[in-house]
Structure formats: structure tokens, C-alpha cells
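Dear colleague,

I am handing over the model we spoke about, with notes on what turned up when I went through it. Please read the notes with the coordinates open beside you.

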Protein chains: 2
Amino acid sequence: MNAPIPAQISCATCPIRHRAVCARCETDELEALETIKYYRSYEAGQSIIWSGDVMNFVGSVVSGIATLTQTMEDGRTQMVGLLLPSDFVGRPGREGAAYNVVATTDLVMCCFRKKPFEDMMARTPHIAHRLLEMTLDELDAAREWMLVLGRKTAREKIASLLTVIARRDASLTPKGAVNAMTFDLPLTREAMSDYLGLTLETVSRQMSALKKDGVIVLEGKRRVTVPDLGRLFEEAGDDSDGGFLG
Amino acid sequence: MNAPIPAQISCATCPIRHRAVCARCETDELEALETIKYYRSYEAGQSIIWSGDVMNFVGSVVSGIATLTQTMEDGRTQMVGLLLPSDFVGRPGREGAAYNVVATTDLVMCCFRKKPFEDMMARTPHIAHRLLEMTLDELDAAREWMLVLGRKTAREKIASLLTVIARRDASLTPKGAVNAMTFDLPLTREAMSDYLGLTLETVSRQMSALKKDGVIVLEGKRRVTVPDLGRLFEEAGDDSDGGFLG
DNA sequence: ATAAATCTTTGACTCAGATCAAACGGGATT
DNA sequence: AATCCCGTTTGATCTGAGTCAAAGATTTAT
């Protein structure tokens, strides 16, 4: 079912080396991690973890995108996190998984069996410290999203999501104060609706409206060009550009 | 403006000793914390921190309740956290505050100037570890609330809020499998609406509806009795009692 | 006590987004 | 090239929650 395990990547040349949970590690600490890590690949659409399952590993997304979702018995689902390269999966010190984790693109994870990782964390403040920092960032992101879910209109919600994706892509191609940009949506309309607390019909309608109003330009369903990022941020209802420009 | 600073409480007899950021500390670590801590009191309604302010302290809520809120320029506001005794305020390693913090009842905080606390944290894994644990719990709570905000109906939202408060009160009076319980709402209708992403009129209407349907009994505006907690959990749309009973 | 200020409830009406339904488009399969 | 499949768009209608407005209930101030 899984794609073949890829050849071991060296931590030294790992693409997420400077952003993942290992970011603060010294060379010797990295070597110790290297002995307990292993890679795992998932195909687009494949489920990585089911809520309630016993989790016997934790790990970092190396490449690809995954979603964290919560579901009610009647099927209503809410995405509670978008996992991008360098993001951490799993919670040290907890048995069961609290959410469903699904790969939305082909995906590679750098995994650690939970127990050895927890032991290592207890011995390595650099790891614990980095994990705290990452968790605090995720908490901020979750709280920002609470404002989006609780108080924004459908149009603002869509613009907010596009803003999040544009910000991320801009941080990967750091070219300074860009004013326009193009990117691919990594999500289907349905996944977008699950993230935004909307129906997929409303997502589609608002995408069309933003297109009609010139806020975005669509090539096919997925490729989005934003001619004026400032305009998009306004549409999102954000009071600032969040340090995006300059 | 502030209430007088209360006499120093000893950490050894502190009511939040076993739950706050200091929960894992040994006696000597506690003594070190004791030298840098100080108490501050706030009156109900008083603002503790404004979003964007420079934070020169962090701390724990000792008694009382505070809210964390985010606001848009046009005034729309969303509560992103409810701070109860033992909850931590402030983020080590960050300059400015990201949210407004307001005392909704008279409140006492155990404060630490930020720099000394950060230094202490770097030397004391017990503190860093406990803070990580608390932050992970808050992240779970924030994500649970994302489901509430994004996918639940007004009635389910109200029931979810009552559930959260009932759970907290039950954990303070651990009497085993209770089936009914009574508590005081620590929030105005408006604060409830800010938490739930509703208007205060809708909150009021749904409270009336839950009362009419016998899910809750109201004495005055604030005192709530839940005759059947299982029924309340059902109304909240939760698929389990969350380990509340038994 | 009376008045003022809040907070809360209730009613009438509106509207943004949901629901139900049908058609469209592009890639894969045969 | 025709068919199927899946994601997407668009239309028509419905409805849950918002908005606007007024009155009731509590608490605080005079």
C-alpha cells in the first residue's frame, strides 16, 4: 500500500533541517537522532493516522502536505491544521491520536518511534525547546483561525485562506517586496470548505466572485494568480500585512 | 487603579502549586522562583494586556477568570481562550502581546518579569517541560474549539460552552460519577457570544430554548443547574463524555 | 426609595450561507 | 472517439442566525 521507503537522507542535507523539531540540534545530537529516525512515504489521499489510534511514532513532514481533521459522528468535519514541510506530527507523552491525519499530496515523513524520541527529548533540551517554540506558533495559528471561523464572512474566509497559502509560498521564495504572485492551491474545494467551515458550493461561489472582482485570476481550477496582494489582505479583513511585505 | 498587592503567598501553600507552570518544580527550584515572583491584582472588567503592547512579564492566574480576545478593526471580536486558575499568560521569547487579556472577575496573577523567567526556564527543564505540556493542552483546546466554531449549530455551541464549564467545575469538586450539577456562569451573554461566534441575542434565545426543553434550569441569569449531564453532552454533539463520568 | 446604568429577554424582519439539484469540464479508461 | 469519473460551477430555494427595536430585570448610584 505504501510507496517504497526512500533511501535515507542525511540530516546534514535535509531540506527541513533548519525548521523542524531538530532545528536547534548540534552535530552530535543530530547524529543521535539519525540513529533512531526512519522515513515513510504516503500517497495522495492516504490516511496517515486515525483519531483514537494508538500512536507509536512521531515525526516531521519532509515534503508534501497533510491535513489534521476532526469529525463528528454525523460526518461534519473541520480541518484543525494544515501540515507543511517541517511541521511536527504527534504528541510526546500521549497514547492516542486526537485527530485524523491525511496526506493530501504524496508525502514523506521523517519518523521516530515514540519511546526513543521521548527519551531523547528528556536528554536534549534543544529538542524540547524547539518543540515548545513550534507548539506556541501552532497555538497562535489555531487562535488566528478561531477568529476566521467565528467572525469572518465567507468571502473573508476564502481571502484569509489564500493569504495563508500566499504567505507560505512567499517565505519559500524570498524575493523581497513582491506585489503579485502565483501559486497552486494544494486543496480541493471540499478540503477548503472543511478548513473554512463552509460548504463546497459556497467556496466555489466565493472563488468565482473574487475572480469576477479581479482579486484573483484563475488558470484551471488550481492555479491562482494574485495581481495585488495588498488587495487580497484587505479582502481578508486583516488589519495589517502581517510583516509580509518589506 | 489596581487593587492593593496582596501579601506574598508561599509557593508551598499556593492553590495552583500542582497545576501551574511550576507544577513539576523541586523544592529548590521553587525557592528560586519565589525570589523573582510578585503578585498583581486586577478588578473585574480591567484590561491586563493590550494586543501589540510590549510584554515585560509573564505569569499564572492564581484566582479569578480572564479572557483572551482578538479584535478586527471594525470591532468584531472573537475570544480565543478562557484563562482559569493555573493557566499561563504570556509567551517566553516574544516581545509583543498577540491578544487582549481582560479580567472578567476580580483576579490575582503570580507574575515574573520576562527576562529572569526566560533565564530560569533555560536552566530548569522542569519548567520548560511543564510549559510544553500546558501549551499542547491549550492547542488541543483551541482545536476542539475550531470544530465548535466551524461546524456546530448555535444550540450545540451553547451546550458545548456549558460542557466546558461543567467539566472544569467537576474537576475542582471531584465527587465521582455525578449526574447533575450546578454552577455559576462566569461570563456575560456578550462574552459568551464572543466565545461562540454568535450574537448575544442568539445566545439568549438558545439559553431560553435549552431551558424550555429542560436541558438546563436557570436561577437568575447566571446560576445554571444541569439535571442530566449526559443529555447536555448529547446536545453539544460530542461523541463521548470525554472521560467526564466514572 | 428613586433614578440611572447595565445586562438580558423577546419580537419582527432580513439576509448570508446552506441545501437540493442539475449541468459542466477535464483527465483517465476502454 | 465515446464513456465514465470526479471535482467543480451555477441556479433555485430554504433557513438559521443576524439585525433592528423595544421592553424587562438587576445592580449601582443618587
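In chain B, strand S3 (residues 57–63) pairs with strand S6 in the antiparallel sense over two bridges, where strands are DSSP E runs of at least two residues, helices are H or I runs of at least four, both numbered from the N terminus, and two strands count as paired if DSSP finds at least two bridges between them. Within this pairing, B:Gly59 stands opposite B:Val89 of S6(B). Both strands belong to an open sheet of four antiparallel strands in chain B, ordered S1-S8-S3-S6. Strand S1 (37–42) and strand S6 (88–89) of chain B lie at the edges with a single partner strand each, so one side of each is left without a neighbour in the sheet.

Before going further, please note that this is a predicted model, in which local features need pLDDT of at least 70 and side-chain atom pairs count only at pLDDT 80 or more, while totals for chains, interfaces and linings use all residues. Residues are numbered from 1 along each chain as its sequence is written, and chains are lettered from A and ligands numbered from 1 in the order in which they are written.

Strand S7 (residues 100–103) of chain B has antiparallel pairings with strand S2 (residues 47–49), over two bridges, and with strand S4 (residues 66–71), over four bridges. B:Val102 takes part in both, being the bridge partner of B:Ser47 and also of B:Thr67. B:Asn100 and B:Val102 point one way from S7(B), B:Val101 and B:Ala103 point the other way, and all are buried, that is, 20 or more other C-beta atoms, placed from the backbone, lie within 10 Å of their own (12 or fewer would make a residue exposed, and anything in between partly exposed). In a regular strand the side chains alternate between the two faces of the sheet.

Turning to the DNA, 16 residues surround strand C, the closest being A:Thr202, B:Thr188, B:Arg189, B:Ser204 and B:Ser208; a residue is near a strand if its C-beta atom, placed from the backbone, lies within 6 Å of it. Helix H6 (200–212) of chain A, together with helix H5 (189–196) and helix H6 (200–212) of chain B, each supply at least two residues of this surface, and H6(B) gives the most, with six. By class, the surface near DNA strand C divides into four nonpolar, six polar and six charged residues, with Ala, Val, Leu, Ile, Met, Phe, Trp, Tyr, Cys and Pro taken as nonpolar, Asp, Glu, Lys and Arg as charged, and the others, Gly among them, as polar.

Around DNA strand D there are 17 residues, of which A:Thr188, A:Arg189, A:Ser204, A:Ser208 and B:Thr202 come nearest. Here the largest share, six residues, comes from H6(A), and the surface near DNA strand D has four nonpolar, seven polar and six charged residues.

As for the interior, the largest nonpolar core has 132 residues, and A:Met146 and B:Met146 have the most contacts inside it; such a core is a set of buried Ala, Val, Leu, Ile, Met, Phe, Trp, Tyr and Cys residues joined through C-beta atoms within 7 Å.

Finally, chain A has seven helices and eleven strands. Along its principal axes, the C-alpha trace of chain A spans about 55 × 45 × 35 Å, and buried residues make up 41% of its 246 residues.

Best regards
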